[in-house]
Amino acid sequence: MAAIGPGRLILVVGPSGAGKDTLLRLARAACADESNVVFARRVVTREASAFENNEQVSADAFRRALAQDAYAAHWQAHGHYYALPRTIDDEVRAGRSVIANVSRTVVGAMRRAYADVVVVAITAPPQVLAERLAMRARASDGRIQQRLGRRVDDAAAVPDITIMNVSSAEYHARQFVRIIKGDRWNE
């Protein structure tokens, strides 16, 4: 089967507390008038935060949709299930750039399934991640040290670009928007 294209799939990865949702929200606002840029809405089996672009579903509904092949990618993390809807395939086939927040565990499969994949890692130093997770105080986050210690050893998951999110969110969102538009990303 041929890889899905000609559009581009931009996968956002990184540890909990790195600021992925904040940068995604700011980039989505900056790209609101860009008809060829689509921000995928994840499906999650935990309570969706107001800061995330997620659709909350029950575990049963998730399993039914999975059985019906409704997901382009799915994964489990921290006791919850996550997925990207199959509709992203149509967006990529239409030549659009699709931006999606995913687990590093699905990057290899997505690199094989799509013709043009760019992996953007958003991260921060461990002490900053721990502080952000503690401030967030979301019960579904589980134990902070366990989340911070999570590693994915997969060469396919190595990012193409890394944003060290330690300055202002607006500055890093501008970097991210440049990546989305295919421009040079560092100022």
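Student: Is Asp-60 buried, partly exposed or exposed, and what is its relative accessible area?

Tutor: Bear in mind that this is a predicted model: local features need pLDDT of at least 70, side-chain atom pairs count only at pLDDT 80 or more, and totals for chains, interfaces and linings use all residues. Residues are numbered from 1 along each chain as its sequence is written, and side-chain values use heavy atoms, with hydrogens and water left out. Buried means under 20% relative accessible area, exposed over 50%, and partly exposed in between (1.4 Å probe, protein chains only). That puts Asp-60 in the partly exposed class, with a relative accessible area of 45%.

Student: Which residue meets the side chain of Asp-60 in a salt bridge?

Tutor: A salt bridge here is a side-chain nitrogen of Lys or Arg within 4 Å of a carboxyl oxygen of Asp or Glu. The partner sits three residues away from Asp-60, about one turn along helix H2 (residues 59-67), and is partly exposed at 46% relative accessible area. The N to O distance is 2.6 Å, and the partner is Arg-63.

Student: Why would three places apart suit a pair on a helix?

Tutor: It's down to the winding. An α-helix has 3.6 residues a turn, so residues three or four places apart point the same way.

Student: Which residues are linked with Asp-69 in a network of salt bridges?

Tutor: Start with Arg-86 and Asp-69, whose side chains pair up at 2.9 Å, N to O. That pair links distant parts of the chain, 17 residues apart: Arg-86 is in the loop between strand S6 (80-85) and helix H3 (87-93), Asp-69 in the loop between H2 and strand S5 (71-77). Arg-86, partly exposed at 30%, also forms a salt bridge with Asp-89 at 3.1 Å, N to O, and Asp-89 is buried at 3%. So the residues networked with Asp-69 are Arg-86 and Asp-89.

Student: Within what arc do the buried residues of H1 fall?

Tutor: Helix H1 (residues 20-30) has Lys-20, Asp-21, Leu-23, Leu-24 and Ala-27 as its buried residues. They line one face of the helix, because seen down the axis of H1 (using directions from the helix axis to the C-beta atoms) they fall within an arc of 160°.

Student: Which helix do those buried residues of H1 pack against?

Tutor: Contact means heavy atoms within 4.5 Å; helices (H or I, at least four residues) and strands (E, at least two) are DSSP runs, numbered from the N terminus. The buried residues of H1 pack against strands S1, S2, S7, S8 and S9, and against helix H7.
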